[in-house]
Amino acid sequence: LAGGQVRYSVPEEAKAGTVVGRLAQDLGLEAGEAEARRLRLVAQGRRASVEVSGASGALLVSSRLDREELCGKSAPCALRLEVLVERPLRVFHVELEVTDINDNAPIFPAARKNLSIAESSVMGSRFPLEGASDADIGSNAQLSYTLSPSEHFTLDVKSSDENRKSLFLVLAKSLDRETIPVHRLVLTASDGGRPSLTGTVELVISVLDANDNAPQFNQSVYKVQLLESAAEGSLVARVNATDPDEGSNKDDIIYLFSRHVNPKVKEMFTIDENKGEIRLQGKLDYEEMDSYEIPVEARDKGSPPLSGHCKLLVEVLDVNDNAPEVWVTSLSVPVPEDASVGTVVALLSVSDRDSGANGRVRCWVWPASPFGLEATFAGSYSLVLREALDRERVSEYEVEVRAEDGGAPPLRASRGVRVPVSDVNDNAPAFAQAVYTVLARENNAAGAELARLWARDPDEAGNGRVSYSVWEGGVVG
């Protein structure tokens, strides 16, 4: 427990019932208090995969935890939970880090990759290969590659500044189609886990005659930035390749997306096969995908045709297109009018799907009294009492929690909270006058009315019902 926050760690795929931590003990609760004070998790968003044991107050795994499903490639993978205890109401924050295990093997885009290489290709020629992907993170996702033994080919692996590895098949010995028309190799990807997991792809290399120069792009990697508000039809990039061959092998180059391009790329972009212009044809959403990697191929019309390859990296820039969202996660009403300053009335959660300044949210309460906001955790707030209440003056408050992000212009959101005030017996009955002077005739019969007196109590229900009695000690002789 540090700064009001408890931190635990649990490996993914832990079995249901696994004890994550002794939550009640770590929160300072005595034996039996967890059940008596209703120690529980606040359900928020999708169903959590952990639960609190009512009897022991331990935090347990309740269902399968898959780090890749919860956080993808993000690290660390932390689940933020809110824990409540009652009598009095208190909130604690639990951060549960789900650690990675090596439960995903590297995967290539396909089990088999067909390549066509001209037999006239010179030694040292390089041919790009698609690498594998691994859903794990850290060392469990650090991939190394090996190629099955071959006297004609070697493997070259280079690390780019995007923390990706570029793979190239390098020709080490001249080819002879008449001797060996097809080469079959196995490319193996191994991750850094212990034990290591592997994935393979079969490389089927067909040796072709004739056209012996492939088109070459003037850049191997093109980088562009694009606002997520870019209009459909906007020009993203223009790629260009040249071919040192003659005739149709040189002049008739067409541009296209590589066969193994991500389907989302084809939905979002188009390419002009003659001009090499790549344009936007869909609506970008930074919150859904913040970058695209587009493999582009330039193919000549020789016989057989040859292709050159490059990569277009599109970085999507965020715009402030998401307003903040405010939720009330717990409400403790009515509030007694004698509640002390600092009493927690409600718990709130605020978020904004944008990033950077566009996603930074500030919150406040309107009107400014008698309540205020206190930040309890990233995106979590407590609505607390700032001033003493008086039900006889105000019996109910309509409070509005307002949120504004840091975009330009900023976007806003609000959430109304109704706070009724319950009565306590804090007002004594009061007569209209402190002294009444009554004139009475002598010899009045018993039971004759002498005067009518009336007292008022501003409290409600039983606290405001008044009964009368005569103080006999006040009889005047």
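1. Glu-297 counts as buried in this predicted model, at 8% relative accessibility, and its side chain meets that of Arg-299 in a salt bridge, with 3.1 Å from N to O. The partner, Arg-299, is partly exposed, its relative accessible area being 26%, so this pair joins a buried acidic residue to a basic residue that falls in the class between buried and exposed.

2. A second pair to look at is Glu-404 and Arg-412, whose side chains form a salt bridge at 2.7 Å, again taken from N to O. Here Glu-404 is buried, with a relative accessible area of 12%, whereas Arg-412 counts as exposed at 55% relative accessibility.

3. The salt bridge between the side chains of Asp-100 and Arg-67 has an N to O distance of 3.2 Å, and it links distant parts of the chain, since the two residues are 33 apart. Asp-100 sits in the loop between strand 7 (90-99) and strand 8 (112-118), while Arg-67 belongs to helix 3 (residues 67-71). Both ends are buried by the under 20% criterion, because Asp-100 has 18% relative accessibility and Arg-67 has a relative accessible area of 0%.

4. For the chain as a whole, the rule gives a count of 26 salt bridges. Besides the separate pairs discussed above, Arg-38, Arg-40, Glu-86 and Arg-87 are linked in a network of salt bridges.

5. The domain assignment divides the chain into domain 1 (6-99), domain 2 (112-208), domain 3 (216-317) and domain 4 (325-422). The C-alpha centres of domain 1 and domain 2 lie 45 Å apart, and their contact draws on seven residues from domain 1 and five residues from domain 2.

6. How much area do domain 1 and domain 2 bury between them? The value is about 390 Å², of which 52% lies on carbon and sulfur atoms. Of the area that domain 1 buries against domain 2, 84% is supplied by Arg-67, Glu-68 and Lys-73, more than by any other three residues. Arg-67, which takes part in the salt bridge with Asp-100, is thus also named among the residues that supply this buried area.

7. How many salt bridges does the rule find across the interface of domain 1 and domain 2? It finds zero, although one residue pair is in polar contact across that interface, with both residues at pLDDT 80 or more. By class, the side of domain 1 that touches domain 2 consists of one nonpolar, two polar and four charged residues, a make-up to be read together with the absence of salt bridges between these two domains.

Definitions and conventions: Residues are numbered from 1 along each chain as its sequence is written. This is a predicted model: local features need pLDDT of at least 70, side-chain atom pairs count only at pLDDT 80 or more; totals for chains, interfaces and linings use all residues. Side-chain values use heavy atoms; hydrogens and water are left out. Domain bounds come from an automatic or database domain assignment. Contact means heavy atoms within 4.5 Å. Buried area is the accessible area (1.4 Å probe) that two parts lose on being put together, summed over both. A salt bridge is a side-chain nitrogen of Lys or Arg within 4 Å of a carboxyl oxygen of Asp or Glu. A polar contact is a pair of N or O atoms within 3.5 Å; within protein, one must be able to donate a hydrogen and the other to accept it, and residues adjacent in sequence count only if both atoms are side-chain atoms. Ala, Val, Leu, Ile, Met, Phe, Trp, Tyr, Cys and Pro count as nonpolar, Asp, Glu, Lys and Arg as charged, and the others, Gly among them, as polar. Helices (H or I, at least four residues) and strands (E, at least two) are DSSP runs, numbered from the N terminus. Buried means under 20% relative accessible area, exposed over 50%, partly exposed in between (1.4 Å probe, protein chains only).
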